[in-house]
Amino acid sequence: MNIEAKPIRVWDLPTRLFHWSLVASFAIAFLTAESEKWRDIHVAAGYTLAGLITFRLLWGFVGGGYSRFAEFLPTPRTIVDYIKSLMNGKPQHYVGHNPAGAVAIFLLLGFGVAAAGSGWAVYENMGGHFMEELHEGASNGMMAIVVIHIAGVIVSSWLHHENLVLAMITGWKKMRTPTHENPAG
Ligand code: HEM
Ligand code: HEM
């Protein structure tokens, strides 16, 4: 535990560009999914999303600071401790992603890979009806986690009196409360 008074640089530019481009490509893919008329745009948004996720998977290993997977890889222990701290009314405060947020992030990346991979297979006429169902299931699964993710961001911002959305835009966080360091932080 330590107390930080100064602003901290948390999210680098590639991570922030990745995030907001991912939001845009997912939204476009989701909104254009139903109609034949929008199919080309749907496919382009889906490939963009696949490219972005590929980048993020590499950046998780070669990128720096709080964007590295090693910084926020959740373990059963960190997840349980975090949930206990929430229930005690004294939530642990992480500078980077907290363990619950990290679970959602890995699920989002996983569902994204499944949605793009199955979408490509459907487009190439592989896998028949099953693949269509898988594609729809992966996309809806991702949407469900997005809803939970946004709720988590709002609740977490409220609990810690900090603007997490602004931090994902500017890259900076002002720490006002005692912080629970990410493992290598
Ligand atoms: C399609 C919708 C979305 C997807 C797929 C998505 C995905 C992600 C991913 C993968 C990360 C991890 C960032 C990284 O380390 O690379 C993240 C973090 C974050 N997202 Fe989203 N996101 C979505 C929508 C949103 C929206 C609408 C907001 C704003 C309300 C938001 C706010 C944030 C914030 C603040 C973080 C950092 C959380 C933290 O401080 O630990 N996201 N998101
Ligand atoms: C990764 C983000 C993606 C999301 C969120 C997404 C979402 C969806 C959804 C929800 C449907 C079902 C629409 C319905 O009710 O019929 C759909 C259909 C479809 N998607 Fe995607 N998709 C994505 C990526 C892709 C990619 C990368 C491709 C092709 C390379 C693709 C090709 C298709 C095709 C061909 C259909 C029509 C399937 C059918 O006839 O039932 N999608 N998509």
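Student: Which class supplies 12 residues of the shell around ligand 2?

Tutor: This is a predicted model, in which local features need pLDDT of at least 70 and side-chain atom pairs count only at pLDDT 80 or more, while totals for chains, interfaces and linings use all residues. Residues are numbered from 1 along each chain as its sequence is written, with chains lettered from A and ligands numbered from 1 in the order in which they are written. Six residues of the shell around ligand 2 are polar (here any residue outside the other two classes, Gly among them) and three are charged (Asp, Glu, Lys and Arg). The class with 12 residues is Ala, Val, Leu, Ile, Met, Phe, Trp, Tyr, Cys and Pro, called nonpolar.

Student: Which helix gives the largest share of the shell around ligand 2?

Tutor: Helices are DSSP runs of H or I with at least four residues, numbered from the N terminus as strands are (E, at least two). Helix 1 (13-31), helix 2 (39-62), helix 5 (99-123) and helix 6 (128-159) each supply at least two residues of this shell. The largest share, seven residues, comes from helix 5.

Student: Which helix gives the largest share of the shell around ligand 1?

Tutor: Of the 21 residues around ligand 1, Phe26, His97, Val146, Leu164 and Met168 come nearest, a residue being near if its C-beta atom, placed from the backbone, lies within 6 Å. Helix 1, helix 5, helix 6 and helix 7 (164-170) each give two or more residues to this shell. The largest share, seven residues, comes from helix 1.

Student: How many nonpolar residues does the shell around ligand 1 have?

Tutor: In the shell around ligand 1, six residues are polar and one is charged. The number of nonpolar residues there is 14.
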